[in-house]
Amino acid sequence: MEISTTRSTTAVSDERLAEILANPGFGNHFTDHMLTVEWTPDAGWHAARIEPYGPLSMDPAAAVLHYAQEIFEGMKAYRHPDGSVWSFRPEENARRMVSSSHRLALPELPVEDFVACVDALVEVDQRWVPSAEGGEKALYIRPFMFASETFLGVRPAQHVTFMVILSPAGAYFKGGIKPVTLWLSEEYTRAGRGGMGAAKTGGNYASSLVAQQEAIGQGCDQVVFLDAQEGRYVEELGGMNLYFVHADGRIVTPETGTILEGITRDSVIELAGKAGYQVEERRFSIEEWKHGVTSGEITEIFACGTAAVITPVGELKWDGGSTPAPAGGDGLWERLRAQLVDIQFGRADDTHGWMHRIV
Ligand SMILES: *Cc1c(COP(=O)(O)O)cnc(C)c1O
């Protein structure tokens, strides 16, 4: 794929950039450039370009604004102690975008083109990759694809746009990691059988917002969803996968066909397996959660995803009851988290071949 580059003439000053990188937060600041590729049935993917970052001009009848034909990915670029810049398992994000595109009737962007686009943009904006500084600052990468055809009829769009934007991100947890309190949503579900649960698409997030709002209203940090059919099996949080650590060394992570299988989830399964834990991917009921914590059989629960890496789970609340935070674990979540973060930031050997050098 040929990618043309037009450099910004209004890039932020080094001084302003240092200010932003000192306290980037999440999703607040965007880099100097963005990448765009267009697709039509006749021309395929074409017009790949890196341009100065800025607003899009869109027809109000653009299909995505009406029918939500959209998918996205989330990944990070990490600066290593020697100054080099790396991404983590980018082909996995590319493959997941391919499978999301099949579900949303969007065109397939080849894995190597996805990776080349991300690499090219990060290279142009490499000064925006923060140094870890002992913390976990990184450059968040947001590739996304949407129906850009001007047409109000309902069918897969004949004009599609793929873009990549970048945003510096600070450590997810400021002032230490605290267990997240979860609200069990008994009214809302995030995905049903045959639905879009396994695709990374904005629609899943749109449908989770009201449940998340309910969780906040109940004094909880995040919502946990159950399966849509029986309202019995644990799925995931709005954007993180769950793990249940048992006293006998077993770890269970839900597998329902309707969850979004995270790349962090897969990496944790591999690391935990190597550390001698037996990882079971299966359906896991809400009764198993409640009884397991009460009996002491479950000693740790944690959630994982690119943004927060791994976060411990505390109390679970629902309408009329609660289950306390699990107790008796020896901090497996913390060891796995340190292992993963050390690989990502180049502080530990990458024996899995997970890291991909960009600059
Ligand atoms: C992206 C996402 C995750 C986490 O995936 P990672 O690849 O680990 O970042 C989990 N659940 C949902 C719904 C997601 O969209």
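The exercises below concern cysteines and salt bridges in a predicted model.

**Exercise 1.** Determine how many disulfides the whole structure holds, and state whether Cys-117 and Cys-304 are buried or exposed.

*Solution.* A disulfide would require a pair of cysteine sulfur atoms within 2.5 Å, and a search of the whole structure on that basis returns zero disulfides. Turning to accessibility, Cys-117 has a relative accessible area of 0% and is therefore buried, while Cys-304, at 1%, also counts as buried, because buried means under 20%.

**Exercise 2.** Describe the salt bridge between Glu-19 and Arg-16, and explain how their places in helix 1 relate to it.

*Solution.* The two side chains meet in a salt bridge with an N to O distance of 2.7 Å. Both residues belong to helix 1, which covers residues 14-22, and because they lie three residues apart there, about one helical turn separates them. Arg-16 is partly exposed, with a relative accessibility of 36%.

**Exercise 3.** Find how many salt bridges the whole structure contains, and work out the accessibility of the partners in the pairs Arg-155 with Glu-149 and Asp-248 with Arg-250.

*Solution.* The search of the whole structure gives 21 salt bridges. In one of them, Arg-155 and Glu-149 meet at 2.9 Å, N to O; Arg-155 is partly exposed at 37%, whereas Glu-149 is buried at 14%. In another, Asp-248 and Arg-250 meet at 3.0 Å, N to O; here Asp-248 is exposed at 53%, and Arg-250 is buried at 19%. This last pair belongs to one network, in which salt bridges with shared partners join Asp-248, Arg-250, Glu-280, Arg-282 and Glu-288.

Technical notes: Residues numbered from 1 in each chain as written. Predicted model: local features only at pLDDT ≥ 70, side-chain atom pairs only at ≥ 80, totals over all residues. Heavy atoms only, no water. Buried < 20%, exposed > 50% of the residue type's maximum accessible area, 1.4 Å probe, protein only. Salt bridge = Lys/Arg side-chain N within 4 Å of Asp/Glu carboxyl O. Helix = DSSP H or I, 4+ residues; strand = E, 2+ residues; numbered from the N terminus.
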